[in-house]
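Biologist: I should like to learn how features of a protein model are read. May we go through some of them together?

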Amino acid sequence: GASESDPEFEYLRSRLDVPVIGVGRNDPCPCGSGSKFKSCCINGRRQSIEERADWLCHKITLFSFRPQNRWRLEELLDIATDAARGESPDTLIPALVELAAFDRDALQAFIETRGVLLAEDELALARTWRDSPPSLWHVVAVEPAASIELFDTRGGASVVVTDHSAAQGLHVGDYVFVRVVPAGSSWRFTGEIILVPLAHRGSLLELLGAGAETQDLAAWVGRLFAPIQLANYGRNDVVLCRAVL
């Protein structure tokens, strides 16, 4: 029932393979499997789980926007806006969408509702992501437009994430708040990457160490985007006054 102008059509078209031309039925399959074309990809190449991880991430995010699930995002937006002292910048929204979509309970709801529609390897991957919380990562190395090596400041693990867009905006030494999940033999981000300045790293590590709930992380994100507040040594607010004579 969707119209041809629906943005989802364009996304689905981008998932289609380019038709193979000039390969006979009995020729070796161009995918490199070693089998004949007729016994392998003649009806379409089966994409690897690494290639389909982005699609799975897309499905999970869309599921969180369905009317019956949207309350999670609305709740996090209220929490973050309060923590940001009424500010709600556009840059805050993508981070909250990721937190709402990949919350453990939200992922469990996705698995129970949509798991029957997924391929077995996609379902297994979604279950793995359910147990993958976000963390504070240190950028160790950057290969421009190719990959990023990250060190988990809490778990001590090092991973290499293949992400062409993120690799262009990060630098060695940066600290980022993001969820890193397995995708077959590789690793990927599930959503927005948040640069974490020095002043906010301690509070984030304290939250993560205490097993923070998604709502706690939403409040932290809100404080990250809150306007700068001045205080004196007694931790009292500084009031700026202007007198006109």
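The dialogue below takes up salt bridges, burial and surface patches in turn.

Modeller: Please bear in mind throughout that this is a predicted model.

Biologist: How many salt bridges does the structure hold?

Modeller: There are eight salt bridges in the structure. One of them joins E4 and R13, whose closest N and O atoms are 2.7 Å apart. E4 counts as exposed, at 58% relative accessibility, while R13 counts as partly exposed, at 38%.

Biologist: Which residues are linked in a network of salt bridges?

Modeller: The network links R52, K59, D121 and E122. Within the network, R52 and D121 meet through their side chains at 2.6 Å, N to O. Because D121 lies in helix 6 (residues 120-130) and R52 in helix 2 (residues 49-64), this pair ties together parts that are 69 residues apart in sequence. R52 also meets E122 in a salt bridge, at 3.1 Å, N to O. Here R52 of helix 2 and E122 of helix 6 tie together parts that are 70 residues apart in sequence.

Biologist: Are R52 and E122 buried or exposed?

Modeller: A residue is called buried when its relative accessible area is under 20%. R52 has 7% relative accessibility, so R52 counts as buried. E122 is buried as well. D121, in contrast, has a relative accessible area of 28% and is therefore partly exposed.

Biologist: Which side chain does S135 join in a polar contact?

Modeller: The side chain of S135 is joined to that of D152 by a polar contact of 2.7 Å. S135 belongs to strand 1 (residues 135-143). With a relative accessible area of 5%, S135 is buried.

Biologist: How far apart in space are L224 and L195?

Modeller: A separation may be counted along the sequence or through space. L224 and L195 are 29 residues apart in sequence, and their C-alpha atoms are 9.8 Å apart in space. L224 lies in helix 8 and is buried, its relative accessible area being 16%.

Biologist: Let us turn to the surface. Which residues form a negative surface patch?

Modeller: E74, E75, D78 and D82 form that negative patch. Of these residues, D78 can be placed in helix 3 (residues 71-83).

Biologist: What makes the nonpolar surface patch of about 470 Å²?

Modeller: I228, L230, V238 and L240 make this nonpolar patch. V238 is found in the segment after helix 8 (214-224). Its relative accessible area is 38%, so V238 is partly exposed.

Note on methods. Residues are numbered from 1 along each chain as its sequence is written. This is a predicted model: local features need pLDDT of at least 70, side-chain atom pairs count only at pLDDT 80 or more; totals for chains, interfaces and linings use all residues. Side-chain values use heavy atoms; hydrogens and water are left out. Patches are made of residues with over 30% relative accessible area and no salt bridge: like charges are joined within 9 Å, nonpolar side chains (Val, Leu, Ile, Met, Phe, Trp, Tyr) within 5 Å. Accessible areas come from the Shrake-Rupley method with a 1.4 Å probe; for residues, only the protein chains shown count as cover. A salt bridge is a side-chain nitrogen of Lys or Arg within 4 Å of a carboxyl oxygen of Asp or Glu. Lys and Arg count as positive and Asp and Glu as negative; His and the chain ends are not counted. The place of a charge is taken as NZ of Lys, CZ of Arg, CG of Asp or CD of Glu. Helices (H or I, at least four residues) and strands (E, at least two) are DSSP runs, numbered from the N terminus. Buried means under 20% relative accessible area, exposed over 50%, partly exposed in between (1.4 Å probe, protein chains only). A polar contact is a pair of N or O atoms within 3.5 Å; within protein, one must be able to donate a hydrogen and the other to accept it, and residues adjacent in sequence count only if both atoms are side-chain atoms.
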